[in-house]
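Work through these exercises with the model open. Each one sets a task and then solves it in steps.

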Amino acid sequence: MRDFPPRRIVCLTEETVETLYLLGEQDRIVGVSGYAVRPPQVRREKPRVSAFISADIPKILALDPDLVLAFSDLQADIVADLVRAGIAVHVFNQRDVAGILAMIRTLAAMVGAADRGEQLAAGYEQRLAAIGATPRPAPRPKVYFEEWDDPLISGIGWVSELIEIAGGADALPHLRAHKAARDRIVSAEAVREAMPDVILASWCGKKVVPDRIRRRDGWNDVPAVRNDRIVEIKSPIILQPGPAALTDGLDAIVKALWGMLGRFHPVIASQRVARTRAR
């Protein structure tokens, strides 16, 4: 970087955008991913320079960034082009809740806001602990999270952890350690045999069609299908490894598992009020 803290930052994924806004450092952002929607004003305030695995390199270079923030090996080609052009790049690779919290603290330190980053991350840790400690009726509902429908891909690490924090049990817990989606491909038969009580689906930005799930061969005996407990969770609040997943994403899981009990639980209600006031 030419300056510290960096004055001009391009964010190629949405979680770093939301984190910088929450830190009050949004004026440093000069370009964002086209998928960035949190907070809502970002779509009005910041130019869009990338999708997820593609980016407008000339447009990024024209913004003269001090730093570009990227995520995972899926953006390696973009990163290589930027590095060859002499741009400083930091690539995050968080795949679990601990990694999300570390990302928040690291990014805050990178923009000279370490104290605010610590407060933000510590607040999320307290929130997760409080929700995880909430008494729930036994037994825990068994949950299958579907990240994609063709082929079937089960949920990534942080999603599995949030299901457990919300009071559920991951129906396929052995898959959550796999970082790559291709390693979390699962057969329809394996899901059927797991007999989940709830199916949560978020098809990476594509609208979930519950009827397609219901019509899968042999799934009519799956408790989640039989009892009509198939719930879509929107991708922006669960499939980006950042603040959204720890707040609205977790709340959506709690609501899907526990209904009105989860929605109006005092722990969640108090956190929602605090978040609204912060905005």
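A residue counts as buried when its relative accessible area is under 20%. Keep in mind that this is a predicted model.

**Exercise 1. Decide how far helix H1 is enclosed, and list its buried residues.**

Solution.
- Locate the helix. H1 covers residues 14-22.
- Apply the cut-off of under 20%. Glu14, Glu15, Thr16, Val17, Glu18, Thr19, Leu20 and Tyr21 are buried.
- Conclude. Eight of the nine residues of H1 are buried, so the helix is largely enclosed by the rest of the structure.
- Look just past the helix. Glycine 24 follows H1, and its phi is positive, near 80°.

**Exercise 2. Describe how H1 packs against H5.**

Solution.
- Recall what is needed. Two packed helices are described by the angle between their axes and the distance between the axes.
- Take both values. The axes of H1 and H5 (residues 97-110) come within 10 Å and cross at roughly 60°.
- Classify the angle. H1 and H5 are therefore oblique to each other.
- Add the hand. The crossing of H1 and H5 is right-handed.
- Find the contact residues. H1 supplies Glu15, Thr16, Thr19 and Leu20, while H5 supplies Met103, Ile104 and Leu107.
- Sort them. Four residues of this contact are nonpolar, two are polar and one is charged.

**Exercise 3. Do the same for H6 and H12.**

Solution.
- Start with the geometry. H6 (residues 114-132) and H12 (residues 243-258) have axes that come within 11 Å and cross at roughly 15°.
- Classify the angle. Angles under 35 degrees count as roughly parallel, so H6 is roughly parallel to H12.
- Add the hand. H6 and H12 cross in a left-handed way.
- Find the contact residues. Tyr124, Arg127, Leu128 and Ile131 of H6 meet Pro243, Leu246, Thr247, Leu250, Asp251 and Val254 of H12.
- Sort them. The contact of H6 with H12 has seven nonpolar residues, one polar and two charged.

**Exercise 4. Which residues have the most contacts inside the largest nonpolar core, and what does leucine 162 touch?**

Solution.
- Begin with the general rule. In soluble globular proteins, nonpolar side chains tend to be buried together.
- Size the core. The largest nonpolar core has 52 residues.
- Name its best-connected members. Leu69, Leu162 and Ile253 have the most contacts inside this core.
- Trace one of them. Leaving aside neighbours within four places in sequence, leucine 162 contacts Val97, Leu128, Ile238, Ala245, Leu246, Leu250 and Ile253.
- Check for another core. One of 18 residues lies apart from the largest, and includes Leu152, Leu175, Val191 and Val208.

Key
Residues are numbered from 1 along each chain as its sequence is written. This is a predicted model: local features need pLDDT of at least 70, side-chain atom pairs count only at pLDDT 80 or more; totals for chains, interfaces and linings use all residues. Side-chain values use heavy atoms; hydrogens and water are left out. Axes are lines fitted to C-alpha atoms, for helices over the stretch in contact, and angles run from 0 to 180 degrees between N-to-C directions. Helices (H or I, at least four residues) and strands (E, at least two) are DSSP runs, numbered from the N terminus. Angles under 35 degrees count as roughly parallel, over 145 as roughly antiparallel, 65 to 115 as roughly perpendicular and the rest as oblique. A crossing is left-handed if the near helix is turned anticlockwise from the far one by less than a right angle, and right-handed if clockwise. Contact means heavy atoms within 4.5 Å. Ala, Val, Leu, Ile, Met, Phe, Trp, Tyr, Cys and Pro count as nonpolar, Asp, Glu, Lys and Arg as charged, and the others, Gly among them, as polar. A nonpolar core is a set of buried Ala, Val, Leu, Ile, Met, Phe, Trp, Tyr and Cys residues joined through side-chain atoms within 4.5 Å. Buried means under 20% relative accessible area, exposed over 50%, partly exposed in between (1.4 Å probe, protein chains only).
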